[in-house]
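Here is a walk through a two-chain model, one neighbourhood at a time. Keep the viewer open and follow along.

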Amino acid sequence: MEQDMASSIRIERAAAAWLARRDAGGWATRDQAELDQWLDASTAHRVAWLRLQAAWHESGRLKALGAGLPAGQVPAPGRWATPSQQEHSADPPVRMAKPWPIHGTSSGAVRRSALDPAALVFAPRKREPEPRLPRRLAAVATVAVVGISLAVGWRVHSPTVQPVAYGTAVGTLETAALADGSEATLSSDSRIVVALSRRERHIDLERGEAFFHAAKDPKRPFVVAAGGHQAIAVGTRFAVRRDADGMRVVVTEGLVRLESDPGVDGRPQPTTLLPAGSVALAGPHGVVVQSGTVDEARQALSWRDGFLAFRDTSLAAAAAEFNRYNARKIVIADPSVGALRIGGSFRWSNAEAFVRLLEQGFPVRAEYGDRAIVLHDR
Amino acid sequence: MNDSLDDWFAREILVHEGALVSFLHRAWPDRAEIHDLRQEAYVRVYEAARKCRPTTPRAFLFTTARHLITDRLRRGRVVSIEPVGDLDALNVLIDEVSPERRLDAHQTLHRLAAAFDRLPPRCREVMWLRRVEELPQKEVAARLGISEKTVEKQVAKGVRLMAGYFYGNGQVRRATRPGVPETEDGTGHGQQHPD
């Protein structure tokens, strides 16, 4: 009831009605004059108006959510809160007691013979429900089986297989079904070469990033190689990205073993076991593992759903990410701009919306060209 | 033109609305009057800032709110109700306000999306078509098969609810660390009685 309503609520409703009326179109000078008169009548009117106008202005940012969605369809609530929810890590993690079968690349054999228990590094496991074998026993078991397999399999050469290449252009994703039942989702501007032999499923990641859902096949390890590093799995879900000087592995399910070619000094590199939730960066100086929850790891893979997720990331790194997906590049003109830290989840297909948000929230000025968006300090 | 004052007000004052409202809820017993008090606080801050812009807006806003409550008590509009008994305690309440109210772009968008999702379905539809797809109200009406007047009403409702959700609700309301000293001291501005 109108008379029971606090006067401030009545004022707020009046301000909202003004705003909606102005938004309806056909707004004439006379209307503006009337509004001005109303605003000047009381500061209470003015602050109510300012508040709604600011909210209205903010709501324009929602446009960023609509980028890439079909027109005329209002998405269901909560659609953007969690970009990826399809996966469930139902499978139990691979147990340490069951050592990995051998795969047949010659470099692999050399490396493995040099494997010693001390070099085996365990990434911390956050969500490991089952009891582990004592570390030493597990390591010994691994070495023992390695020895046997080497003895037996030393001279067995895998039959030559015809490799198949898959690639994507900038700005496109593609999921390829591999002959063994696995799937590979290629990110923008990526290329893999797949060679399936009887003893190994070998994938060379020549460029970019790919997410793999490896079909379970304990007899044929699933090996993804990039720049001197290999991520090896039996059946699991993980992504591998090739970086300028290394490789990034993100595991969302199961367990992946990360190996690297011997270092420049010829010394063997430690092997790292990555349980689900790990994000590992393998570079020339070793491996860094962030162990988090599976959901956190999935954040790093939200590109599959059309998003790029950043958390306290430098703008320079974020721009480089965007540039992997877009022909129109984000160029950072001032180092101070590149050093800004940002966070959030953005549609990679819409670099412009991202930059417009930057301009609203940071001291950044953008120049929009056809080929590039140049960011300056403001 | 006082556009810059208006911008300042949105940028430095409105962003603290959630904290202000929860402060008022603690300090004032009658929930029905919170909306009024909030407006009154805004009015006082705006009018004070018209003359002289406070250097620590957040502290100034809370000092103003505290004065406002004291004034109302003096005017005897409320007869001795215990939550307001200890006015010094109100200082502590200010300390609970998160100093990190400034949102980054992502958080802003996240809050907006959350606010947007709380709108009633029809209102949400109208706001989507109007704000995201940027159809004029007329086309929104045609698209949804409703009258333009209804669209206008939904827009009015939408902006009111969005403002409430976006500025007001669902933010750091209960930081559980009372007693952490406030670094920005608002008392200097408190002398500048905004009347």
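A:R257 has A:L273 in strand 13 of chain A as its bridge partner. The pairing behind this match runs antiparallel, with four bridges between strand 12 (residues 255–260) of chain A and strand 13 of chain A. Two strands count as paired if DSSP finds at least two bridges between them. Helices (H or I, at least four residues) and strands (E, at least two) are themselves DSSP runs, numbered from the N terminus.

A word on the source: this is a predicted model, in which local features need pLDDT of at least 70, side-chain atom pairs count only at pLDDT 80 or more, and totals for chains, interfaces and linings use all residues. Residues are numbered from 1 along each chain as its sequence is written, while chains are lettered from A and ligands numbered from 1 in the order in which they are written.

Back to strand 13 (residues 271–275) of chain A: five of its five residues are buried, so the strand is largely enclosed by the rest of the structure. Buried here means that 20 or more other C-beta atoms lie within 10 Å of a residue's own; exposed means 12 or fewer, and partly exposed is in between, with C-beta atoms placed from the backbone. In a regular strand the side chains alternate between the two faces of the sheet. Both faces of strand 13 of chain A are covered, with A:T271, A:L273 and A:P275 buried on one side and A:T272 and A:L274 buried on the other.

Strand 5 of chain A has one face covered, made of A:I192, A:V194 and A:L196, and one uncovered, made of A:R191, A:V193 and A:A195. What are its pairings? The table sets them out.

| Partner of strand 5 of chain A | Sense | Bridges |
|---|---|---|
| Strand 2 (residues 164–167) of chain A | antiparallel | four bridges |
| Strand 6 (residues 201–207) of chain A | antiparallel | six bridges |

On the strand 2 side, A:V164 has A:V194 in strand 5 of chain A as its bridge partner. On the strand 6 side, A:V193 stands opposite A:D204. A hairpin of four residues links strand 5 of chain A to strand 6 of chain A.

The loop between strand 4 (183–186) and strand 5 (191–196) of chain A holds A:D189. Its phi is near 50°, a positive value in a residue other than glycine. A:D189 has 19 C-beta neighbours inside 10 Å, so it counts as partly exposed. Chain B offers another case: B:E134 has a positive phi of about 55° although it is not a glycine. B:E134 sits in the loop between helix 7 and helix 8 of chain B, and it counts as exposed because it has 12 C-beta neighbours inside 10 Å.

Next stop is A:A239, in strand 10 (residues 237–243) of chain A. Is A:A239 buried or exposed? With 26 C-beta neighbours inside 10 Å, A:A239 counts as buried. Leaving aside neighbours within four places in sequence, A:A239 is in contact with A:E209, A:A210, A:F211, A:F212, A:V250 and A:L301. Contact means that the C-beta atoms of two residues, placed from the backbone, lie within 7 Å. The C-alpha atoms of A:A239 and A:H213 are 8.6 Å apart, and 26 residues separate the two along the chain.

Now the helices. Helix 3 (residues 43–59) of chain A has 17 residues and should span 24 Å at 1.5 Å a residue, which agrees with the 24 Å between its end C-alpha atoms; the expected span is 1.5 Å times one less than the number of residues. Of those 17 residues, 13 are buried, so helix 3 of chain A is largely enclosed by the rest of the structure. Its axis and that of helix 2 (residues 29–41) of chain A come within 5 Å and cross at roughly 115°. Axes here are lines fitted to C-alpha atoms, for helices over the stretch in contact, and angles run from 0 to 180 degrees between N-to-C directions. A:W38, A:L39 and A:A41 of helix 2 of chain A make the contact with A:H45, A:R46 and A:W49 of helix 3 of chain A.

Finally, chain B has ten helices and zero strands. Of its 195 residues, 42% count as buried. Where chain B meets chain A, 43 residues of chain B are in contact with 47 residues of chain A. Helix 9 of chain B gives the largest share of the side of chain B that touches chain A, ten residues.
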